[in-house]
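The points below are offered as a colleague's note on the model. They take up one contact set, the nonpolar cores, one helix and the salt bridges in turn.

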Amino acid sequence: MRKILIVDDEINIGLLLSKFLTRNGFEVTSAISGASAMEHLAKDNYDLVLCDYRLEDTDGKEMLVRIKNSYPKTGVIIITGYSDIKLAVELIKLGAYDYITKPLYPDEILNTINKAIETQNALNAPISHTEEPQKEKSKTKSTYVFSDEFVIGQSAASKDLMKQILLVAPTAYSVILIGDSGTGKESVAKAIHLNSPRKDKPFVAMDCGSLTKELAGSEFFGHEKGAFTGALYTKIGHFEMANGGTLFLDEVGNLSYDIQAVLLRTVQERKIKRIGSTKEIDLDVRIIVATNENLQEAISKGRFREDLYHRFNEFAIHLPPLSQRGKDILSFANSFLEVANKELNKEVKTFSQEVIDCFLNYNWPGNVRELKNVVRRATLLTETEEVQTKALPLEISTYAKGSIYNLNSENEAEKPKVRDLKNAALEAEYETILNVLKEVNFNKTKAAKILNIDRKTLYNKMKAIDLDK
């Protein structure tokens with residue numbers, strides 16, 4: 001029978017959990033303090049510890065560290081009374097299987113516990129010396145690592161996304177990330193890389209949307225000095241830079257058909273030659289690709305190779321739009337506010353309730369990327385500790401329940417002060433480009449046509465005003 005130790009100083013909650021888990025086939029022991037929990041662990045072996053974060057004599061983080069140091073084969077789930085993203089990331093990094101926020105729901109608890117015990121049993125299983133991939137996998141699943149830009153959410157969509165990332169990360173599978181522009185595909189690709197056996201090797205990102213046929217060979221494979229006119233030095237291509245690690249190909253659906261053919265041969269043979277060289281270079285690269293297009297539809301229209309699609313599609317993850325992630329929007333906003341404060345050397349602490357209403361009611365066609373840019377802009381315009389609606393773009397501020405910021409307001413106090421002519425011009429350009437991108441669902445080719453500029457110029461302008469992040 002699987003053994004669970006419940007650690008909670010609220011006796012009623014501990015009793016309810018104990019009865020519920022006993023009915024579901026677990027052998028349950030309860031402790032009301034960290035000290036008594038450690039005494040139980042010293043006397044008996046437990047499959048899992050279900051520990052409340054706030055205890056009278058300690059906290060969940062300290063308990064997690066003590067348990068993992070002394071009893072590494074025991075799984076740990078932390079129960080928290082509030083959703084704190086930074087705390088959640090820290091707990092997972094320290095080795096917690098998961099965390100559950102109150103109020104507690106029986107189905108969620110039971111599902112999480114079963115998966116935690118199943119995972120811990122797999123980690124504790126004897127490893128065959130002939131199964132090196134499994135050995136690597138067990139090493140990488142004990143703790144989880146995420147970049148600063150990755151936000152762990154509490155919505156069902158976010159939790160499902162997290163589980164898929166942690167499921168595929170330890171494998172060598174190629175992955176397709178499917179989602180609207182701005183949903184954070186690169187941050188997900190980095191999360192997969194950082195939780196894989198390749199985490200200490202390079203992560204190289206390549207934007208296929210701006211790749212021309214003439215540049216493709218050099219960008220993918222590199223070239224030798226003198227290989228062609230203008231080749232003034234030896235260049236290492238993206239495949240070679242990523243060797244041993246992960247290559248992330250963004251907007252892969254925009255690759256021309258002939259470039260796809262070259263890419264297919266490389267993926268199949270796992271070898272490359274720099275342009276102008278006869279030397280073959282062996283590749284050990286995991287490939288993650290991203291697209292906001294329906295590649296199966298592109299296949300049916302003859303714009304994307306079916307054989308290449310199947311090479312990439314060993315595992316697919318669909319990223320939800322920001323509008324489907326509920327109050328996770330506020331978690332993203334708070335994370336971006338922290339980053340913006342550091343970038344701008346400011347100390348803006350929070351958002352007004354009206355701004356929060358705007359964030360939760362707006363539909364976010366530009367997704368996470370749009371929210372990040374809105375928060376950065378608002379932080380720049382805010383001179384107090386609290387972001388107000390006057391610092392938001394007009395199309396977002398109109399979603400507030402209370403007062404609405406109006407660009408034509410006669411009240412000068414409500415208007416952001418932009419006195420520098422250069423900054424005013426940049427602000428106008430920012431708004432124009434962002435609005436056009438929203439109209440075309442962030443399709444850069446269509447946006448460039450509407451703006452009457454070429455695609456390369458659009459990319460450069462987006463980079464200059466931080467819309468490419």
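1. The model is a predicted one. In it, F239 has an extensive list of partners once neighbours within four places in sequence are set aside: F220, F221, L247, L263, T266, I272, L283, V285 and I287 are in contact with F239.

2. F239 also belongs to the largest nonpolar core, which has 31 residues. Together with F220, L249, L263, F304 and F312, F239 is among the residues with the most contacts inside this core. At least two core residues come from each of strand 7 (203–207), helix 9 (213–221), strand 10 (246–250), helix 11 (257–269), strand 13 (286–291), helix 12 (295–300) and helix 13 (306–312). Helix 11 gives the largest share, 4 residues. Another core, of 27 residues, lies apart from this one, and L330, C358, Y362 and W364 are among its members.

3. Helix 11 deserves its own point. Its buried residues are I259, Q260, A261, L263, L264, T266 and V267. The cover over these residues includes helix 9, helix 10 (238–241), strand 10, strand 11 (271–272), strand 13 and helix 13. As to length, helix 11 has 13 residues, which at 1.5 Å a residue should span 18 Å; the C-alpha atoms at its ends are 19 Å apart, so expectation and model agree. Just after the helix, R270 adopts a positive phi of about 55°.

4. Which residue forms a salt bridge with K3? The partner is D44, with the closest N and O atoms 3.0 Å apart. K3 is in strand 1 (residues 3–7), whereas D44 is in the loop between helix 2 (34–43) and strand 3 (48–52); the pair therefore ties together parts 41 residues apart in sequence. D44 is partly exposed, because its relative accessibility is 28%.

5. The count of salt bridges comes to 16. One of them joins the side chains of E297 and K301, at 3.1 Å from N to O. E297 is partly exposed at a relative accessible area of 38%, and K301 is exposed at 54%.

6. A further salt bridge links D307 and R305, with 2.9 Å from N to O. Is R305 buried or exposed? Its relative accessibility is 19% and buried means under 20%, so R305 counts as buried. D307, at 33%, is partly exposed. Elsewhere, E224, E240 and R274 are joined into one network by salt bridges that share partners.

Definitions and conventions. Residues are numbered from 1 along each chain as its sequence is written. This is a predicted model: local features need pLDDT of at least 70, side-chain atom pairs count only at pLDDT 80 or more; totals for chains, interfaces and linings use all residues. Side-chain values use heavy atoms; hydrogens and water are left out. A nonpolar core is a set of buried Ala, Val, Leu, Ile, Met, Phe, Trp, Tyr and Cys residues joined through side-chain atoms within 4.5 Å. Buried means under 20% relative accessible area, exposed over 50%, partly exposed in between (1.4 Å probe, protein chains only). Contact means heavy atoms within 4.5 Å. The expected span of a helix is 1.5 Å times one less than its number of residues. A salt bridge is a side-chain nitrogen of Lys or Arg within 4 Å of a carboxyl oxygen of Asp or Glu.
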